Amino acid sequence: VRTLKERIFCLHDSNFADQVRSGLRRKEEESLVELKALQDKLEKARSDLDSSNDAKAKEIDHLTDKQQQEVNVITEKVQALLEFRSGEFERRRESFYKLREEYILKDQELDSLRKRATGSV
């Protein structure tokens, strides 16, 4: 048989143990809520990072496409210029040969006229 003092201490110890367990449960629940909040925050940060990376990748793709279009335009202009110059070279060469033939004919004609004028035909 326990004395009143022992019963009070037992009761006090029992109440204290219940309070400690209750406090630990409350702390565990608070920790779980904090953990869930941190997990949600981490998930949002990952999502934001993925969105940011996607946006940057799209921007890079857009800039790359734009630069490729600019390169294509410049290439087309250079190609057209080369074709024009090539055609211009051909026209000038043909013109040179025509002028050369005309010069030879005029020179022969002039030579023939000189010979007639001097009577050495």
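**Salt bridges and a nonpolar patch along helix α1**

Glu90 is partly exposed, with a relative accessible area of 31%. This residue belongs to a predicted model, and its side chain meets that of Arg93 in a salt bridge. In total, the structure holds six salt bridges, and the points below go through several of them before turning to a group of nonpolar residues on the surface.

**The pair Arg93 and Glu90**

- The salt bridge that joins the side chains of Arg93 and Glu90 has an N to O distance of 3.4 Å, which satisfies the criterion because a salt bridge requires such atoms to lie within 4 Å.
- Both Arg93 and Glu90 lie in helix α1, where they are three residues apart, or about one turn of the helix.
- Arg93 has a relative accessibility of 39% and therefore counts as partly exposed, since that class covers values between 20% and 50%.

**The pair Asp40 and Lys36**

- A salt bridge also brings together the side chains of Asp40 and Lys36, with 3.0 Å from N to O.
- These two residues, Asp40 and Lys36, are both found in helix α1, which covers residues 4-118, and they stand four residues apart, about one turn of the helix.
- Asp40 is partly exposed at a relative accessible area of 42%, and Lys36 is likewise partly exposed, with a value of 46%.

**The pair Asp48 and Lys44**

- Asp48 forms a salt bridge with Lys44, and the closest N and O atoms of this pair are 3.1 Å apart.
- Asp48 and Lys44 also lie in helix α1, with a spacing of four residues, about one turn of the helix.
- The two partners fall into separate exposure classes, because Asp48, at 39% relative accessibility, counts as partly exposed, whereas Lys44, at 53%, counts as exposed, the limit for exposed being over 50%.

**A network of three residues**

- Salt bridges can also link several residues, and here Glu88, Arg91 and Arg92 are joined in a network of them.

**A nonpolar patch on the surface**

- Phe16, Val20 and Leu24 form a nonpolar patch on the surface, and together these residues have about 290 Å² of accessible area.
- Leu24, one of the patch residues, has its place in helix α1, the helix in which Asp40 and Lys36 also lie.
- With a relative accessible area of 57%, Leu24 is exposed, because the limit for that class is over 50%.

Technical notes: Residues are numbered from 1 along each chain as its sequence is written. This is a predicted model: local features need pLDDT of at least 70, side-chain atom pairs count only at pLDDT 80 or more; totals for chains, interfaces and linings use all residues. Side-chain values use heavy atoms; hydrogens and water are left out. Buried means under 20% relative accessible area, exposed over 50%, partly exposed in between (1.4 Å probe, protein chains only). Patches are made of residues with over 30% relative accessible area and no salt bridge: like charges are joined within 9 Å, nonpolar side chains (Val, Leu, Ile, Met, Phe, Trp, Tyr) within 5 Å. Accessible areas come from the Shrake-Rupley method with a 1.4 Å probe; for residues, only the protein chains shown count as cover.
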